[in-house]
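Colleague: I should like a close look at one part of this protein, namely the packing of its interior. Please set that part in the context of the whole chain and of its backbone.

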Amino acid sequence: MADAFEIRGGRALKGILEVGGAKNAALPIFVATLIEKGTYHLNNVPDLMDIATLTELLKSLGLEVEKTDKNSYKIINNGLTNLTASYDLVKKMRASFLVMGAMLAHSNNAIVSLPGGCAIGARPVDLHLKGFEKLGVEIEIEHGYVKGTATELKGGEVILDFPSVGATQNIIMAAVKAKGVSVLENVAREPEVVDLCNFLISMGAKIEGVGTGKLTITGVEKLVPGTYSIMPDRIVAGTFIIAAIMFEGTIEVEGVVAEDSSSFLAKLKEMGVQYDITGQRLKILSKLSELKPVKVTTMPHPGFPTDLQSPMMTLMCLVTGNSEIKETIFENRFMHVSELNRMGAKIDIDGSNAHIKGIKEFSSAEVMASDLRAGASLVLAGLKAKETTTVNRIYHVDRGYENLVEKLVGIGADIKRIKI
Ligand code: EPZ
């Protein structure tokens, strides 16, 4: 028996969708508590399966992790009791590989299972490992595990071949207590990388160039743990904004940080979407029939985020004319296309390009989520399709959208979790 969403679409939705804390910022920040002994208080943590999975991994390494309320955690690091992150725990979630840099910073040693492939692409970790080597870590791969050893971590120069989010985060964590200065170039500039840096800086780390492609990190002897609140989730915000556009202004979105979503909002403007932002509350002022087709190319930040590619595609389906998406970050992130086509979409793929022909409306169907954002794109389509859509494999969606059913029911949607 597995969970699925049953959505009776076509209902009029009205109300406010609230954005919670960012999964992709919370995960590296949780991991960073491995670096230094002490007590941490983390707030605005999304209540998600991925956080529960990471909690299990951190506990296996010796941390005490206590959920103090729905969105707050207390983490106590009394020193690591185990320096091996096992395959059983790492295979559940790729972000687990981030423990490598933090464990190296804590103990100069770490053994971490290689994460393996996933549905959206091969996702190697070569850039992470090259970075560690530049900081004086000797890397060996044995029996599916990466073993990193150093007598001490030393500052070094790292130029990433590609601005990988995970490699950037992993190398930052290794560098904050390394001896001397590290210069990291061509690093990822995603807001979630900035949030990790801000968390580390709040503990006394010395990081310059935050939010740019070049970071200069001067290693410090000690960090001082404290309290930190996770940034709002810009991908959840984007997904909710798309819902608001699809429902033509009856839904408002609270928790939109415009500067974190600049390329997404710029693309919406190019489509003809009109909106008003007051504080962090966004309201849509335009109608679907006024929108024009556009071309989107996914890029590292500040380009258009790959994580909003599939929700954006659902919106493009309802725009008259021919829209286009080019996916440049992951080699296999079009698995939602065949499912959207089962719902009446007219999308053709050639290589890394998707050609989307506008349709009048979605037709409900039984479909399957292939990854978490693909799942979100199907839920969006299901909310508009008249009659019943069933979205299977929603464990993907549960990994990244906090209380999605409750939030959608709160604005009038007929969606429920069923066992199939
Ligand atoms: C992060 O994954 C996010 N995950 C992803 O979100 C997001 O899609 C991705 O960044 C891109 O923005 C988390 O933050 C937990 P990358 P990450 O390293 O760090 C290649 C979601 O839906 N690469 O920037 O794994 C890689 O194969 C998820 O929430 C190498 O070749 O992404 C990919 O093609 C899915 N070698 C590209 O770079 C490496 O050593 C981007 O990957 C590392 C990466």
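Modeller: The account below begins with the whole chain, turns to the interior, and ends with the backbone.

The model is a predicted one. It contains 14 helices and 24 strands. A compact globule of 420 residues would have a radius of gyration near 22 Å, and the protein, at 21 Å, agrees with that expectation. Along the principal axes, the C-alpha atoms occupy a box of roughly 65 × 45 × 40 Å. Of the 420 residues, 55% are buried. Among contacts with a separation of 6 or more, 72% join residues that are 24 or more positions apart. The surface amounts to about 16500 Å², of which carbon and sulfur atoms supply 50%. There are 46 positive and 49 negative side chains, and the centres of these two sets lie 3 Å apart.

As to the interior, the largest nonpolar core comprises 76 residues, and Leu34, Ile172 and Leu200 have the most contacts inside it. The greatest contribution to this core comes from helix α1 (residues 23-32), which gives seven residues. A second core, separate from the largest one, has 72 residues, among them Leu13, Phe264, Met271 and Ile411.

Leucine 200 shows what the surroundings of one such core residue look like. Apart from neighbours within four places in sequence, leucine 200 is in contact with Ala32, Ile35, Ile172, Val176, Ala205, Ile207 and Leu223. One of these partners, Ile172, is itself named among the residues with the most contacts inside the largest core.

Two helices allow the packing to be followed element by element. In helix α5 (residues 126-134), the buried residues include Leu127, His128, Leu129, Gly131 and Phe132. The cover over the buried residues of α5 includes the helices α4 and α6 (165-175), together with the strands β8 (138-142), β9 (145-149) and β10 (157-159). After α5 comes glycine 136, with a positive phi near 90°.

Helix α11 (residues 335-342) can be described in the same terms. Its buried residues are His336, Val337, Glu339 and Leu340. They are covered by elements that include α10, β20 (346-350), β22 (366-368) and α12 (372-384). After α11 comes glycine 344, whose phi is positive, near 95°.

Helix α12, part of that cover, contains leucine 378. The relative accessible area of leucine 378 is 0%, so this residue counts as buried, the limit being under 20%. Beyond its neighbours within four places in sequence, leucine 378 is in contact with Glu339, Leu340, Met343, Val367, Met368, Ala369 and Val391. Of these partners, Glu339 and Leu340 are among the buried residues of α11. Leucine 378 and leucine 98 are 280 residues apart in sequence, and their C-alpha atoms are 30 Å apart in space.

Lysine 214 offers a view from a site with some exposure. It lies in strand β13 (residues 214-218). Its relative accessible area is 43%, so lysine 214 is partly exposed, falling between the limits of 20% and 50%. If residues up to four places away in sequence are not counted, lysine 214 touches Val183, Leu184, Glu185, Val187, Glu208 and Gly209. From lysine 214 to threonine 81 the C-alpha distance is 34 Å, with their positions 133 residues apart in sequence.

Several backbone features in the loops complete the picture. Most residues other than glycine have a negative phi, and most peptide bonds are trans. Asparagine 186, in the loop between β11 (181-185) and α7 (191-202), has a positive phi near 55°. This asparagine is partly exposed, with a relative accessible area of 33%. Asparagine 108 also has a positive phi, near 65°, and is placed in the loop between α4 (99-107) and β7 (109-113). The helix that precedes this loop, α4, is among the elements covering the buried residues of α5.

Histidine 301 and proline 302 are joined by a cis peptide bond, with omega at about 10°. Proline 302 belongs to the loop between β18 (295-297) and α10 (309-317), and α10 is in turn among the elements that cover the buried residues of α11.

Definitions and conventions
Residues numbered from 1 in each chain as written. Predicted model: local features only at pLDDT ≥ 70, side-chain atom pairs only at ≥ 80, totals over all residues. Heavy atoms only, no water. Helix = DSSP H or I, 4+ residues; strand = E, 2+ residues; numbered from the N terminus. Rg over C-alpha atoms; globule rule 2.2 N^0.38 Å. Buried < 20%, exposed > 50% of the residue type's maximum accessible area, 1.4 Å probe, protein only. Contact = heavy atoms within 4.5 Å. Areas by Shrake-Rupley, 256 points an atom, 1.4 Å probe, with all protein chains shown as cover. Lys, Arg positive; Asp, Glu negative; His and termini not counted. Charge placed at Lys NZ, Arg CZ, Asp CG, Glu CD. Core = buried A, V, L, I, M, F, W, Y, C linked by side-chain atoms within 4.5 Å.
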